[in-house]
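Biologist: I would like a close look at a single part of this model, and then an account of how the rest of the chain is arranged. Please take the time to connect the pieces.

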Amino acid sequence: MNFKPEKNRSARDRILEYFKLRVGEIINKDELIEIAKISDWARRVRELKDEYGWEIESFRDSHDLKPGQYRLRSLEQGAIAPRIVTAEQRRHILQRDGYKCQYLNQDGKMCGLKEGDPHPYRKGRRVTLQIDHIIPISLGGNNEEDNLRTFCSFHNALRTNLYLADGTVDILILIRKLPLEAKREAYDYLKQFFEGNSNQLTE
Ligand SMILES: [Zn+2]
C-alpha cells in the first residue's frame, strides 16, 4: 500500500484520508494505529463519524465486522445525518436522554432502544445511538441542545430526507424507506383510513 500521509496533517485527517482510499473495504485497527500514531485513534474515528457525518461502520453496525474492524461505507460526507454536534454535546444529550432512543410512535410510546440493541427490522444488525436534530439543519435548525435528542440509527435514518422544502413530511419517501413488513402495515392502515373516511376526501 503506497500510503504516505503528509507529515503536517492531524491524526484525524490522516485516518480520514486512509478510509477514503479504501472506501467499502474492511480496515483493521492495527492499520489505524499505524496511520494515526496516537493512542486515542478510536476517538478520532468516532469524531469522524459523529461530528463530521462520515458513514464509518463498526461491529456495532454490521454483523460481518469483528470488534476492531471498521469500514467507510460511502465517500459522501453527511450520509448518516447532516450535523456538526460536538463530542461534548453528544455526551451531554445521551446522558440527558438516559442513553435511549427518544422517538415517539403515534401512540406516544417511546422507542427506548439502547446502543447495540438488535435492529427492529434488519436481522443481524444492531442500532447505534445518534443525535437527531428536531428541526433539521436544512430547515434552519441549529445545534442548540433543545434542538437535539437521542435517536437510534433506525429512527434517525427514517428522519433523514423525510422533509419537503416546505417542511412537510414526504410520506412517499417515508414509506419507501420502510422494510417490506412495515410497508404492508402502512398500506393496510391507509386502506382502512380512506375506506373509513371516504366522505372526508375532497374532490
Ligand atoms: Zn428508535
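Biologist: Of the 17 residues of α7, how many are buried, and why would one say where the helix lies?

Modeller: This is a predicted model, and what follows should be read with that in mind. Of the 17 residues of α7, the number buried is zero, so the helix lies largely in the open. Helix α7 covers residues 180–196 and reaches 24 Å from its first C-alpha to its last, close to the 24 Å expected at 1.5 Å a residue. One residue of helix α7 is E181, which counts as exposed because it has 9 C-beta neighbours inside 10 Å, where 12 or fewer is the limit for that class. E181 and Y121 are 8.6 Å apart in space, C-alpha to C-alpha, although 60 residues separate them in sequence.

To place this helix in the whole, the secondary structure of the chain comes to seven helices and five strands, and from the N terminus on these elements run α-β-α-α-β-β-α-β-β-α-α-α. Of the 203 residues of the chain, 22% count as buried. Among contacts in the chain with a separation of 6 or more, 57% join residues 24 or more positions apart.

A contrast to α7, with its count of zero buried residues, is offered by α1, in which R14, I15, L16 and F19 are buried. The buried residues of α1 pack against β1 (27–28), α2, α3, β2 (56–57) and β3. In general, nonpolar side chains tend to be buried together in soluble globular proteins. In this model the largest nonpolar core has 14 residues, of which I15, F19, L32, V45, L48 and I56 touch the most other members. At least two residues of this core come from each of α1 (11–21), α2, α3 and β3 (69–72). Leaving aside its neighbours within four places in sequence, V45 is in contact with I15, L32, I56 and Y70. Another core, of eight residues, lies apart from the one just described, and Y103, L113, V127 and F151 are among its members.

Two of the helices that supply the largest core, α2 and α3, also pack on each other. Helix α2 (residues 29–36) and helix α3 (residues 41–50) meet at an angle of about 95°, with their axes 9 Å apart. That angle makes α2 roughly perpendicular to α3. The contact is made by L32, I33 and A36 on the side of α2 and by W41, R44 and V45 on the side of α3. By class, the contact of α2 with α3 has five nonpolar residues, no polar residues and one charged residue.

The loop between α2 and α3 holds K37, a residue with a positive phi of about 55° although it is not a glycine. K37 counts as exposed, because it has 10 C-beta neighbours inside 10 Å. Y99, likewise not a glycine, has a positive phi of about 55°, and its place is in the loop between α4 (87–96) and β4 (129–133). Y99 is partly exposed, with 13 other C-beta atoms within 10 Å.

Note on methods
Residues numbered from 1 in each chain as written. Predicted model: local features only at pLDDT ≥ 70, side-chain atom pairs only at ≥ 80, totals over all residues. Helix = DSSP H or I, 4+ residues; strand = E, 2+ residues; numbered from the N terminus. Expected span 1.5 Å × (residues − 1). Buried ≥ 20, exposed ≤ 12 C-beta atoms within 10 Å, placed from the backbone. Axes fitted to C-alpha atoms, helices over the stretch in contact; angles between N-to-C directions. Parallel < 35°, antiparallel > 145°, perpendicular 65-115°, else oblique. Contact = placed C-beta atoms within 7 Å. Nonpolar A, V, L, I, M, F, W, Y, C, P; charged D, E, K, R; others polar. Core = buried A, V, L, I, M, F, W, Y, C linked by C-beta atoms within 7 Å.
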